[in-house]
Amino acid sequence: MRDFYILETIFASEITITTMASVVSVVVNNVPTSDYYNNTGIDGATYNISREGNLFRSNETIDPSSVTKNLMVPSAMFFFGVLGNVTALIILTVRPSKDSKTTAFYHLVKALVCMDLFGIIASSPVTIVVYIKQGVIDTGGMPLCHYFSFILVLAGNATVFTVLVMAAERFMVTKYPFKYSTLVKPLTVNCCILVVWGLSTFIALLPIFGMGRNIEPWPGTWCFFDYRSTSIAGQIFSYFYATAGLVAILITMILNLYVMQHLWRMRRSRLSTILAIV
């Protein structure tokens, strides 16, 4: 059981750091700093990005060598991402310990791995094609841009919310050990996973249906919602997205800190008992 506490804390720490960076970026970058941003894209072309986040290509000169070089990065990320998650899924499915296989935390870890694997498989091949075709809009138009943004928001939110549920589950087993088996059942865990995926899907669909909008930022290899939008709906969604992420991270940190404190007290109590006997 102690190994599960440690594993959950590692997962929560990793996701918390990466998500905190992305969420803070949305908050900070929501305030435009200049009218245009000039950058060189993956194809050697010059891009001008307006304050509203719209992307314009001003130079159609393409450097084939730069495309081949940059193509190796998403390809390697796709390969190692799939390999790592498939390996983890095989270990969790084929060789679980007898005690862990029936725990709620075990099912939450599998859900986390499955969502991460889904996000990689759903987005990385598109990224590789976009690198070849030189741009999301040029490859599949706005439908592909909506799809790209939807997958990124869905996978990101689902990961953060799943880690939050994992932290809550560890808190329950620590705070209420005698009521845990009554409060936390397989059906409850499955319902929580469905709620997380449903809520993440709902949030990811909002920019497509008018709450903000999806754009193709620099360098034209991905799409995301316009966090620099000057419209009221766009700003509402940007702050909602950032606030939801920050609140989830804050609650996760608080719950994990409590679990860590409880484990430390247990360890000190055990050491004190051993020293007393000796």
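Helices are taken here as DSSP runs (H or I) of at least four residues, and strands as runs (E) of at least two, numbered from the N terminus. On that basis, the protein chain of this predicted model comes to seven helices and five strands. Read along the sequence, these elements fall into the pattern α-β-β-β-α-α-α-α-α-β-β-α. As for burial, 41% of the 278 residues in the protein chain count as buried.

Aromatic contacts come next. A pair of aromatic rings is described by how far apart the centres sit and by the angle of the planes. Searching the whole structure turns up nine aromatic pairs. One of them joins F225 and F237 edge-to-face, with 4.9 Å centre to centre and 90° between the planes. This pair ties together distant parts of the chain, given that F225 belongs to strand β5 (residues 224-225) and F237 to helix α7 (residues 232-277), twelve residues apart. Both partners are tucked away: F225 is buried, and F237 is buried too. F225 and F237 also belong to a bigger picture, a cluster in which ring pairs link W222, F224, F225, Y227, F237 and Y241.

Out on the surface there is a nonpolar patch made up of F79, F80 and L83, whose accessible area together is about 340 Å². Of these residues, F79 lies in helix α2 (residues 64-94). F79 counts as partly exposed because its relative accessibility is 48%, and that label covers values between the 20% limit for buried and the 50% limit for exposed.

Helix α4 is where things get crooked. This helix (residues 136-175) has 40 residues, yet its end C-alpha atoms are only 49 Å apart. A straight helix would reach 58 Å at 1.5 Å a residue, so α4 falls short of that span. There is a bend of about 90° in α4 at M142, and a proline, P143, follows within four residues.

Helix α4 also holds Y147. Is Y147 buried or partly exposed? With a relative accessibility of 34%, Y147 counts as partly exposed. Y147 can be placed against V126 as well: the two are 21 residues apart in sequence, while in space they are 9.7 Å apart, C-alpha to C-alpha.

Key: Residues are numbered from 1 along each chain as its sequence is written. This is a predicted model: local features need pLDDT of at least 70, side-chain atom pairs count only at pLDDT 80 or more; totals for chains, interfaces and linings use all residues. Side-chain values use heavy atoms; hydrogens and water are left out. Rings of Phe, Tyr and Trp (its six-membered ring) pair if their centres lie within 6.5 Å; planes under 30 degrees apart count as stacked, over 60 as edge-to-face and the rest as tilted. Buried means under 20% relative accessible area, exposed over 50%, partly exposed in between (1.4 Å probe, protein chains only). Patches are made of residues with over 30% relative accessible area and no salt bridge: like charges are joined within 9 Å, nonpolar side chains (Val, Leu, Ile, Met, Phe, Trp, Tyr) within 5 Å. Accessible areas come from the Shrake-Rupley method with a 1.4 Å probe; for residues, only the protein chains shown count as cover. A salt bridge is a side-chain nitrogen of Lys or Arg within 4 Å of a carboxyl oxygen of Asp or Glu. The bend at a residue is the angle between axes fitted to the seven residues ending there and the seven starting there.
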